[in-house]
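Reader: Hi! I have just started learning to read protein models, and I would love a close look at a single part of this one. Could you walk me through a strand and what lies around it?

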Amino acid sequence: MRGRFYDSFGRIPEDSIKGIETAAQVLLECCDEDTTLLTGGPLHNLGHALELPKFALGRWVAQGGFAGEGVVPSELQMEKFAGKRTCQTWNFGGNKPAAEAALASKAIARKVLVSKNVCHRALYDGRFHQAFLHALEQSEASTTRATALKLLCSAMDKYQRGDGKKLHDPLAMAAVIDETVCSFREVHVFNDRQGWGSVLQTGTNTWISIDYDDERFRQILTGGPT
């Protein structure tokens, strides 16, 4: 990663990361039937972990996939996605074999997809920024919470542009904490030449987002009242 991410959050010294285990091995050692794993970005590491014997995962929450026509009611479809059944998505498209393996894997008990059709509605706008500033003001200055909020406020203040920054991964993170932040439907996920899509199907234990609760989302991220 380059640019603004490191400008805002810094880098880990290279000499501190020598001799580390592979991500796949770490996942094997840390995950079991009671573990929730959150992913954002192409699924290289999860794909490698699924190749290892005895890998098991209780819940996988992914920022990825697409739900459209036939799954999302017309009144919940964004204008740019209206009528579409499929769409290209970076996180799953960046490593299609790994995404397909994860979606098909019996080693993962529950699969929860916070998908592009909903993430593109979740924006970090002026109102969201003010909510973070308010949360920062209410935090004790010497706490980890205050440090984290200060980093976020500073980073997002530099990043904001236009109508707001789309909050893909933060919405998926919020779903880890409270799945009711999104409305989900059980589906079968597929991939074709036009991109990723989904169709309603019971018994898959794969759930994809069709809507979200903006107020609850803001509460989760800022630590406001539940």
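Author: Happy to! Two residues are in contact, or touch, when they have heavy atoms within 4.5 Å of each other. Please keep in mind that this is a predicted model.

Let us begin with the whole chain and then zoom in. The protein chain has 10 helices and 9 strands. Its radius of gyration is 18 Å, close to the 17 Å that the globule rule gives for 226 residues, so the chain is as compact as a globular protein of that length. Measured out along its principal axes, the C-alpha trace spans about 50 × 50 × 35 Å. Of the 226 residues, 42% count as buried.

Contacts tell you how the chain folds back on itself. Among contacts with a separation of 6 or more, 72% join residues 24 or more positions apart. On the outside, the protein chain exposes about 12600 Å², and carbon and sulfur atoms supply 52% of that area. As for charge, there are 26 positive and 27 negative charges, and their mean positions are 5 Å apart.

Now for the close look: strand β2, which covers residues 57-63. Two neighbours here deserve your attention, Gly58 and Arg59.

Start with Gly58. This glycine has a relative accessible area of 12%, under the 20% limit, so it is buried. Leaving aside neighbours within four places in sequence, Gly58 is in contact with Asp32, Glu33, Thr35, Ala109 and Arg110. Thr35 is 23 residues away along the chain, yet the C-alpha atoms of Gly58 and Thr35 are separated by 5.1 Å.

Next comes Arg59. Is this arginine buried or exposed? With a relative accessibility of 15%, Arg59 counts as buried, because the limit for that label is under 20%. Its side chain makes a polar contact with the side chain of Glu179, at 2.9 Å. Glu179 also appears among the residues that Arg59 touches beyond four places in sequence, together with Thr35, Thr36, Leu37, Arg110, Val112, Ala175 and Val176. Thr35 and Arg110 are on the contact lists of both Gly58 and Arg59.

Just before the strand, look at Lys54, in the loop between α3 (44-49) and β2. Lys54 has a relative accessible area of 81%, over the 50% limit, so it is exposed. Its phi is positive, about 70°, although Lys54 is not a glycine.

For a second example of that backbone feature, go to Asn205, in the loop between β8 (195-200) and β9 (206-212). Asn205 has a positive phi near 60° and is likewise not a glycine. With a relative accessible area of 33%, Asn205 is partly exposed.

One more arginine makes a good partner for Arg59. Arg185 is in strand β7, residues 182-192. At 37% relative accessibility, Arg185 counts as partly exposed, whereas Arg59 counts as buried. Beyond four places in sequence, Arg185 touches Val71, Leu200, Thr206, Trp207, Ile208 and Ile210. Val71 is 114 residues away along the chain, and the C-alpha atoms of Arg185 and Val71 are separated by 7.5 Å.

Terms used
Residues are numbered from 1 along each chain as its sequence is written. This is a predicted model: local features need pLDDT of at least 70, side-chain atom pairs count only at pLDDT 80 or more; totals for chains, interfaces and linings use all residues. Side-chain values use heavy atoms; hydrogens and water are left out. Helices (H or I, at least four residues) and strands (E, at least two) are DSSP runs, numbered from the N terminus. The radius of gyration is taken over C-alpha atoms; the globule rule is 2.2 Å times the number of residues to the power 0.38. Buried means under 20% relative accessible area, exposed over 50%, partly exposed in between (1.4 Å probe, protein chains only). Accessible areas come from the Shrake-Rupley method with a 1.4 Å probe; for residues, only the protein chains shown count as cover. Lys and Arg count as positive and Asp and Glu as negative; His and the chain ends are not counted. The place of a charge is taken as NZ of Lys, CZ of Arg, CG of Asp or CD of Glu. A polar contact is a pair of N or O atoms within 3.5 Å; within protein, one must be able to donate a hydrogen and the other to accept it, and residues adjacent in sequence count only if both atoms are side-chain atoms.
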